[in-house]
Amino acid sequence: MIERRAVTGGLTGRLLRAATAGGAPVTYALIGLCCAIFLISPLSGFNPSYGTADTLLAAQAGYFERWGVIPTELWGGSAHALLTPLTALFVHGSWLHLLGNMLFLYVFGAMAEERMGRAEFAFFYLGCGYLALLAYAAAHADSDQTLVGASGAISAVLGAFLYLFPRARVTSLFPFLLFLPLRFPAWIVLIFWFALQWMAAQGAGSGPGVAYLAHVVGFATGFLYAWGRYRRGARVKTPATATEGESQP
């Protein structure tokens, strides 16, 4: 369940009201761009120009290879390969992959953008996302599996949100609690999420699956950036209501 509620008082309230009123164009543009790219790609199934059956599968494989990160090719030094950690941020492997990522970008991105400013947030998102995928590729330099998705960049947004709005309250749905909606301060939810990613990264290999290491690196990079950039400035400490989202991206 995703819902934006009114926030009472303080910087959190001003930021959320501004974001809700359309004050986060970069966040919404990123969501729109990711959705548009997915829809016109061979992955959505909506573009008949890619054919069907084996022809479609071949087109999908070629699409991943062209725009995704392949660690073994990245360190070859070609200009195209060095750009793939950027292009991969806008490629998603399935509807579930896309919608899950965009949900979290919508929930946490608007307030982070309003706090940082449009240009800074755009560079922050792209830079942290690039570094997250680059770190994963470095850790799995011998892998020929393709890596795609905005999870590294969105994890950076979560990390920055943790520093900027630690006491903003987030409604989360936990599977082991029968999906009951429970409200917690953002620092509890996001630290719990980070811990899950860290533990999953320890047992993850370089084969197909979720790139948990990219999540860990993105989150840490986003948090450290926000700490370094805003530790002397205004930081939201008011325990006010914030946007709502699930506990897992």
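Which side chains meet in a salt bridge? Keep that in mind while you orient yourself. The model is predicted.

**Whole chain**

Start with a cartoon view of everything. Ten helices and two strands make up the protein. Trace the order along the sequence: α-α-α-α-α-α-α-α-β-β-α-α. The two strands therefore sit between the eighth helix and the last two in that order. Now colour by burial. Of the 249 residues, 44% count as buried. Switch on the surface next. About 11600 Å² is exposed, and carbon and sulfur atoms supply 65% of that area. For a contact map, take pairs with a separation of 6 or more: residues 24 or more positions apart account for 76% of those contacts in the protein.

**Annotated segments**

Select residues 21-40, 89-109, 121-139, 145-165, 177-198 and 210-227. UniProt, in an unreviewed entry, gives these the feature "transmembrane region". Look at two of them in turn.

- Residues 89-109: the chain here is 71% helix and 0% strand, and its end C-alpha atoms are 15 Å apart.
- Residues 145-165: helix covers 67% and strand 0%, with 36 Å between the end C-alpha atoms.

**The salt bridge**

Select Arg 229 and Glu 120 and show sticks. These are the side chains that meet in a salt bridge, at 3.2 Å from N to O. The count for the protein is one salt bridge. Colour the two helices: Arg 229 lies in helix H10 (residues 212-230), and Glu 120 lies in helix H7 (residues 118-139). The pair therefore ties together parts that are 109 residues apart in sequence. Check the burial of each partner. Arg 229 is partly exposed, at 46% relative accessibility. Glu 120 is buried, with a relative accessible area of 16%.

**The cysteine pair**

Move to Cys 34 and Cys 35. Why is there no bond between Cys 34 and its closest cysteine sulfur? The sulfur of Cys 34 is 6.9 Å from that of Cys 35, too far for a bond. A disulfide needs the two sulfur atoms within 2.5 Å. Cys 35 is in no disulfide either, since its nearest cysteine sulfur is that of Cys 34, 6.9 Å away. The count for the protein is zero disulfides. Compare how the two residues are covered. Cys 34 has 0% relative accessibility and counts as buried, whereas Cys 35 is partly exposed at 24%.

**The nonpolar patch**

Go back to the surface. Select Leu 39, Ile 40, Phe 46, Trp 95 and Leu 99. Together these residues make a nonpolar surface patch of about 520 Å². Which elements give two or more residues to the nonpolar patch? They are helix H2 (25-40) and helix H6 (95-116). Leu 99 is found in helix H6.

**Around Ser 155**

Finish by centring on Ser 155. This residue lies in helix H8 (residues 151-164). Is Ser 155 buried or exposed? Ser 155 is buried, with a relative accessible area of 2%. Now show its neighbours as sticks. Leaving out residues up to four places away in sequence, Ser 155 touches Trp 193, His 215, Gly 218 and Phe 219. Keep those four on screen with Ser 155 for the last view.

How values were computed. Residues numbered from 1 in each chain as written. Predicted model: local features only at pLDDT ≥ 70, side-chain atom pairs only at ≥ 80, totals over all residues. Heavy atoms only, no water. UniProt positions renumbered as here; feature names shortened; annotations may be inferred. Helix = DSSP H or I, 4+ residues; strand = E, 2+ residues; numbered from the N terminus. Buried < 20%, exposed > 50% of the residue type's maximum accessible area, 1.4 Å probe, protein only. Contact = heavy atoms within 4.5 Å. Areas by Shrake-Rupley, 256 points an atom, 1.4 Å probe, with all protein chains shown as cover. Patch = residues over 30% accessible without salt bridge, like charges linked within 9 Å, V, L, I, M, F, W, Y side chains within 5 Å. Salt bridge = Lys/Arg side-chain N within 4 Å of Asp/Glu carboxyl O.
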